[in-house]
Structures are given as C-alpha cells and as structure tokens.
Amino acid sequence: MHFRAIQTILLVTSSLIACKVTALEEDLNAKPIFIAGSTSVSALLIDLKSELSQEFGNSIQIRPMGSDKGIIAIADNVIDIGTSSRYLTKDEQQRWPFLRQIVLAQDAITFFVNKNLNIDELSTSTLSAIYQGKLAKWSDVSPHTPKLSSKNDEILLFSKGTTHGSFDVFLEYLQLDYIKEPDSNFIRLKNAGNRGLFSEQKVELYDQFNQALGIVQRIQNAIAYDSYGAITKLENDRRINKVSLLAIDGVSPSIETIQSGEYAFVRPLVLIVNTQSPRSKKIGDKLAVFIKSKKIQQKMLDIGYLPVK
C-alpha cells in the first residue's frame, strides 16, 4: 500500500507539472507579444517584425514610448519585453534586480542639419557650446555658411525628449545637465558638474525620429539628433534629401566607425526581461537565440545597426 501511495503521488505531481508547462505554452501563444520602450529599438524591431512573428507564431505589438517608460513598464510586468537604448542605471538595477538585459545591437546618435547651411562637420566642444547657447548664430559656427538673414542665422535647437535613452547619451557625451521648463516642451542646458547658471537658450523637445527629420527638412536653421540606424535606412529616400549628417571631431558615423570606436556617440540597444514573469522569461530566452541567428544579424547589419555577437 505504501508503495502504491507513493506511486500515486508521483503520478499526480507529474501531471501537475505537465499541466503547468502546457499552460505556459498556451499562455505564450494565447495573446500577442507586447514589446514597448525605446523609440530607437522599436524602429529596429519593426523592421524585424515579420521574422519575429514567424519565430513566435504570435502577432507582435511594438509600442515606442521611450526607454524610461519601457523600463518601468517591464519592471511592473505590464508588458512582455521592455526595450531601452541605454543600459539600466545602477539605481535601476538595485531597485529591480530581477530585470535581465539582452543587448540586441549597437547604434549611434547622429546630429543633422539642413543642407542649405553648408555644414558637414562639428567638434564635440562646438556642439556643446551650441546647445548651451554660447554659439547662437550659424555664421559664428562656420565660415562656410552662406549669407543668411538674421532670422535664418539664429540656431534653433531641438532634442529628443528627456525620457529617451538617446537623450541620456546626448547629455553624457556633451557633458551637459538640464532643467525642464514647467508646463512646457522646452529644456535649458549647462555644463554638467558645475554650479553655473543654466542657459537662457531654450531647446525644444520631440519624441519620434520622423519629427526630428521633418523639423530639419523644413527649418533651415535647425539642428537635431537621433538614431543612426533609423536615418540610414532612408539613405535613398527623398525625405532626407535636405539633411546633412554631421561628422563629429572629424569622424563620420558609419558601421565601421561605430565598430572601431572612432565615432564616440555610440549606445546599446537593449531588450529587458522580467525574470519574475514566466512568460517574459520564456519570450526573452527565445529572443536571445533569435537575435544571434546569422539571418537576423545580417539583416540588422544591412539596415545600419551593428549586431552584437
């Protein structure tokens, strides 16, 4: 009797485990996979969407909302996978030690201006001075700028929104700090690490790459920045026929200069998994294998992103 009782318990336990595994498989395919966060990562994943759907057998929902919001959403387990165009900060890692980071690719931020300015290169120090309002006219930046009206000579500053990973990279490499104007879409900047005053020059914020591209296309005296991968996909597109990508400190952004480290404004594109969620963990494990396949790595390379092997 004792042996039969043990045998019965083992059979019941095995059945329960099998049911749990089956339930997890059913859960994974029962609804769309929801991925949200970085606008830069979203742009890349949208290009991989058909391959993702084929791999998972699910419909894939991708929502660009900014790295900060994506990190909070995955930590709160309201999405399946978070995305970020920066690593988690030390504070975030301590607050949410159960978040796993999977590096998808390397990207860069690239600055761009209207071609009519006849400017194709700036130094890091000049960029920093421009965004702090220390250089307020394009004619003060470059002797090659054509003669402009006083209105068109004024530098108009635009930046990715403060919840985006691109913005963090922008601040880090230009060594800037910011203050946000209350109830507005503007920030003001100054050198990081000192107690000096913030600039009076306002910097207008945007959230999407297409917004930045449209601004620089339309406004001759604007400067903005965004994902190198996103803009290079439009290489032969008429939408960028008025835009010049800027070399920084003599180095132009490219896959080669990103890989070699010559181009400094580089950042990771990261998938974030909530390891406390069986669904998120299972999707993350499959994604980690998926992004290492030769087909996917080659496709990322072809559209301007440097895959991480």
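Colleague: A pocket here is an open set of grid points with protein on both sides within 12 Å along at least five of seven lines, right. What volume does the largest pocket have?

Modeller: About 320 Å³. Keep in mind that this is a predicted model.

Colleague: Got it. Which residues are closest to the centre of that largest pocket?

Modeller: Ala43, Phe209, Asn210, Ala230 and Lys233 are the closest to the centre, out of 17 residues that line the largest pocket.

Colleague: And which elements each supply at least two residues of that lining?

Modeller: There are two helices, α2 (39–47) and α10 (209–218), plus the strand β10 (222–227). Of the elements, α2 gives the most to the lining of the largest pocket, with six residues.

Colleague: How does the lining of the largest pocket divide into nonpolar, polar and charged?

Modeller: Six of its residues are nonpolar, six are polar and five are charged.

Colleague: OK, next one. What's the volume of the second largest pocket, and which residues line it?

Modeller: The second largest pocket comes to about 220 Å³. Its lining has Arg86, Tyr87, Leu88 and Thr89, then Gly165, Asp168, Val169, Glu172 and Tyr173, and finally Val266, Arg267 and Pro268. Two elements give two or more residues to this lining, namely α9 (165–174) and β13 (266–274).

Colleague: Which element gives the most there?

Modeller: That's α9, with five residues in the lining of the second largest pocket. By class, this lining has six nonpolar, two polar and four charged residues.

Colleague: Let's switch to helix packing. What do people use to describe two packed helices?

Modeller: The angle between their axes and the distance between the axes.

Colleague: Then take α2, the helix from the largest pocket. At what angle does α2 pack with α3?

Modeller: About 70°, and the axes of α2 and α3 are 4 Å apart. Angles of 65 to 115 degrees count as roughly perpendicular, so α2 is roughly perpendicular to α3.

Colleague: Which residues meet there?

Modeller: Leu45, Ile46 and Asp47 from α2 meet Lys49, Glu51 and Leu52 from α3. That contact has three nonpolar residues, three charged and no polar.

Colleague: And α3 with α13, are they perpendicular or oblique?

Modeller: Oblique. The axes of α3 (residues 49–56) and α13 (residues 278–290) cross at roughly 125° and come within 11 Å, which makes α3 oblique to α13.

Colleague: Is that crossing left-handed or right-handed?

Modeller: The crossing of α3 and α13 is right-handed. On the α3 side the contact is made by Glu51, Leu52, Glu55 and Phe56, and on the α13 side by Ile283, Lys286, Leu287 and Phe290. Five of the contact residues are nonpolar, three are charged and none is polar.

Colleague: Back to α9 for a second. How are α6 and α9 arranged?

Modeller: The axes of α6 (residues 124–131) and α9 come within 10 Å and cross at roughly 115°. That makes α6 roughly perpendicular to α9.

Colleague: Which residues of α6 and α9 meet?

Modeller: Thr124, Leu127, Ser128 and Tyr131 of α6 meet Phe170, Tyr173 and Leu174 of α9. Tyr173 also lines the second largest pocket. As for classes, the contact of α6 with α9 has five nonpolar residues, two polar and no charged.

Note on methods:
Residues numbered from 1 in each chain as written. Predicted model: local features only at pLDDT ≥ 70, side-chain atom pairs only at ≥ 80, totals over all residues. Heavy atoms only, no water. 1 Å grid on protein atoms, 1.4 Å probe; cavity = no way out; pocket = protein on both sides within 12 Å on 5 of 7 lines; lining within 4 Å. Points joined across faces, edges and corners; volume = space filled by probe spheres on them. Nonpolar A, V, L, I, M, F, W, Y, C, P; charged D, E, K, R; others polar. Axes fitted to C-alpha atoms, helices over the stretch in contact; angles between N-to-C directions. Parallel < 35°, antiparallel > 145°, perpendicular 65-115°, else oblique. Left-handed = near helix turned anticlockwise from the far one by under 90°. Contact = heavy atoms within 4.5 Å.
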